[in-house]
Amino acid sequence: MTQSEALDILKTGGNVFLTGEPGAGKTYVINQYIAWLEAAGVPVAVTASTGIAATHIGGMTLHAWSRIGIKDQLNARDLDSIASNEKASKRINKAKVLIIDEISMLDGKVLDMVDQVLRTVRQTPEVFGGLQVVFVGDFFQLPPVTKQGEVLRYAFESNAWQQARPLVGYLNEQYRQEDELFLGLLKSIRQNDVDESHYTLLQEQNEIAYPDIEPTRLYTHNADVDAVNADKLASLDGNPRRFSMSGTGNKQLQQGLAKNCLSPETLELKEEAMVVCTKNNFEAGYVNGTLARVVAFDGIEGYPVIETTEGKRITMKPASWEVVEDKKVLAAVEQIPLRLAWAITVHKSQGMSLDAAEIDLSKAFVFGQGYVALSRVRNLAGLKMLGMSSTALRVDPKIVEQDARFKTESELASNAFAQMDETELTKMHTSFVEKCGGTMPKEGEVGERSSSFERVQKESTYEQTKQLLLAGKTVRDIAKERKMTENTIWSHVEKLVESGTITTGDVAHLKTAEYDAVAKQLEAAMSAVGVEKLKPIYEHCDEEISYDLIRLGRILYTQR
């Protein structure tokens, strides 16, 4: 199913399961749908199964939105308490559409509890209280976390899912991975059809092809992540700056907050340390999951100053994590919202898209870990394997079987909607909007729903680089003016040309006498070894031509 077909189905107001491989555009379609709902004046609740996943779509966790918290089951008293909570009751009754992202990580019993809450609060026997429910995700991703002895129950096995009977929109286009060989590997994993050739292919990935990108390491266990981060920090010059967590209120609740906080109780940092943000602060310009590097420490209070991968510099001040009940703060902890990020767990990487990663799957222990880790990168050139167990690429046979059903259901839905003419489809869309108390948006009224980070930036970083390029400035000048590295600016230039936003004529002024002197040598090298990787070109030129000149040469060579 195409993205436009899935969007048309969503607009009818029926329950939908939107799925597809990583990079198929699930988040893009959901953002388009949310923008349409907002333009139509239809209230929508955007949630996800985990906090990290929620930040990717600018929403909140389903547990928090429904107020079920960490409960394993709900009794009549719990339901009455939630229904009588003014804030929870108001947001649940206001919503007309409920979106649940990363559905693979949501246990079926949780979905049933949410269904109970919605029926109770909205005082109706209809499944999910009569809301349109949109499940988003891919069951080949990480499964729900279960306690020892518990039986794993996927969301599609819940009573609520069965009663909701969602239409399936299985997106079959690919927008993340650019490597056909790599795509073939990922498809084989999804079909549980991995053979020796696939393991051999991965074992051959022993070098990252991008020398100017520091890869992120992915591990399956926290202990390995902590060890790498500690070693990397120790290798940097200077003494570490230490930031200690402070707390107020109930001691036991403080301990719980500290245990679950993504920032450590004692945070040690140095300049050049790779870090990841652990909390949302849209106004300041970061979200939970923003990768960055420490570039300085504030001279007044000593707070770390980070530079994000987008080139934005932010002074990171302490943030608080709180336990609130009836508008009263029972306990709180305060810490700099950062943690070291040379390495992260596969679990925390879900939803990320990495240019380069070093992946260790030698201790993979649950279905989907290998698939999630590998599908974070765009191509084999950005992948280096550090280790892999014989079971690392396993996926649950139950999911393979269910996925085949989802594909069949998607084809049936696609065929059914293909038989409708545009007038009939528009009538269904209008009926849904009016039923929700909204008004069908006119052409041109639906804007683009930006990501959380884009909402805090007035102008995209690529647009800024583009304007300075068009003004005739050199990469060095732009890097200095924007307070970024020249490598970052070169990556902007490459992506701007590759996307067709600018032409090679717009970068002609970057050619210098030094470039003209080696242009023919570069062209010969690229003809001989290709243009996919920079290092072979560098080595073919006897390591005498700078990477900057090679990047410029590659831009001009590939766009001839």
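**Exercise 1. Find out how the radius of gyration of the chain compares with that of a compact globule, and why the two agree or disagree.**

Solution. The chain has 560 residues, and a compact globule with that number would have a radius of gyration near 24 Å. The chain has 25 Å, which agrees with the value for the globule. Bear in mind, throughout these exercises, that this is a predicted model. A next step is to look at the box that the C-alpha atoms fill, which is roughly 75 × 60 × 50 Å along the principal axes. Finally, consider burial and contacts: 49% of the 560 residues count as buried, and among the contacts with a separation of 6 or more, 72% are between residues that are 24 or more positions apart.

**Exercise 2. Describe the surface of the chain and the placing of its charges.**

Solution. Begin with the accessible surface, which comes to about 27,000 Å², and note that carbon and sulfur atoms account for 46% of this area. Then turn to the charges, of which 63 are positive and 78 are negative, and compare their mean positions, which lie 6 Å apart.

**Exercise 3. Work out the order of the strands in the open sheet of 6 strands, and state which strands are at its edges.**

Solution. The chain as a whole has 23 helices and 20 strands, and 6 strands form this open sheet with parallel pairing, in the order E3-E2-E4-E5-E1-E6. The edge strands are E3 (60-61) and E6 (167-171), since each of them pairs on one side only. To see one pairing in detail, take strand E1 (residues 16-20), which runs parallel to E6 and is joined to E6 by 5 bridges. Within this pair, Leu-18 has Gly-169 of E6 as its bridge partner. As background, strands of a sheet pair through backbone hydrogen bonds, either parallel or antiparallel.

**Exercise 4. Decide whether Ala-155 is buried or exposed, and list what Ala-155 touches.**

Solution. First locate Ala-155, which lies in the loop between strand E5 (132-136) and helix H8 (159-164). Its relative accessibility is 0%, and because buried means under 20%, Ala-155 counts as buried. Leaving aside residues up to four places away in sequence, Ala-155 touches Ile-103, Leu-106, Gly-108, Leu-111, Phe-139 and Trp-161. As a last step, compare distance in sequence with distance in space: Ala-155 and Asp-112 are 43 residues apart in sequence, while their C-alpha atoms are 8.8 Å apart.

**Exercise 5. For Arg-67 and Glu-102, give the phi angle, the place in the chain and the degree of exposure.**

Solution. Arg-67 is not a glycine, and yet has a positive phi of about 65°. Arg-67 sits in the loop between helix H4 (62-66) and helix H5 (76-84), and at 32% relative accessibility counts as partly exposed. Glu-102 is likewise not a glycine and has a positive phi of about 50°. Its place is the loop between strand E4 (97-101) and helix H7 (108-121), and at 12% relative accessibility Glu-102 counts as buried.

**Exercise 6. Trace the side chains and the partners of strand E11 (residues 274-277).**

Solution. Start with the side chains: Met-274 and Val-276 point one way from E11, Val-275 and Cys-277 point the other way, and all are buried. Next, follow the pairing of E11 with strand E12 (residues 291-297), which is antiparallel over 3 bridges, and in which Met-274 has Arg-293 as its bridge partner. E11 is also joined to strand E17 (residues 338-340) by 3 bridges, again antiparallel, and here Val-276 stands opposite Arg-339.

Notes: Residues are numbered from 1 along each chain as its sequence is written. This is a predicted model: local features need pLDDT of at least 70, side-chain atom pairs count only at pLDDT 80 or more; totals for chains, interfaces and linings use all residues. Side-chain values use heavy atoms; hydrogens and water are left out. Helices (H or I, at least four residues) and strands (E, at least two) are DSSP runs, numbered from the N terminus. The radius of gyration is taken over C-alpha atoms; the globule rule is 2.2 Å times the number of residues to the power 0.38. Buried means under 20% relative accessible area, exposed over 50%, partly exposed in between (1.4 Å probe, protein chains only). Contact means heavy atoms within 4.5 Å. Accessible areas come from the Shrake-Rupley method with a 1.4 Å probe; for residues, only the protein chains shown count as cover. Lys and Arg count as positive and Asp and Glu as negative; His and the chain ends are not counted. The place of a charge is taken as NZ of Lys, CZ of Arg, CG of Asp or CD of Glu. Two strands pair if DSSP finds at least two bridges between them.
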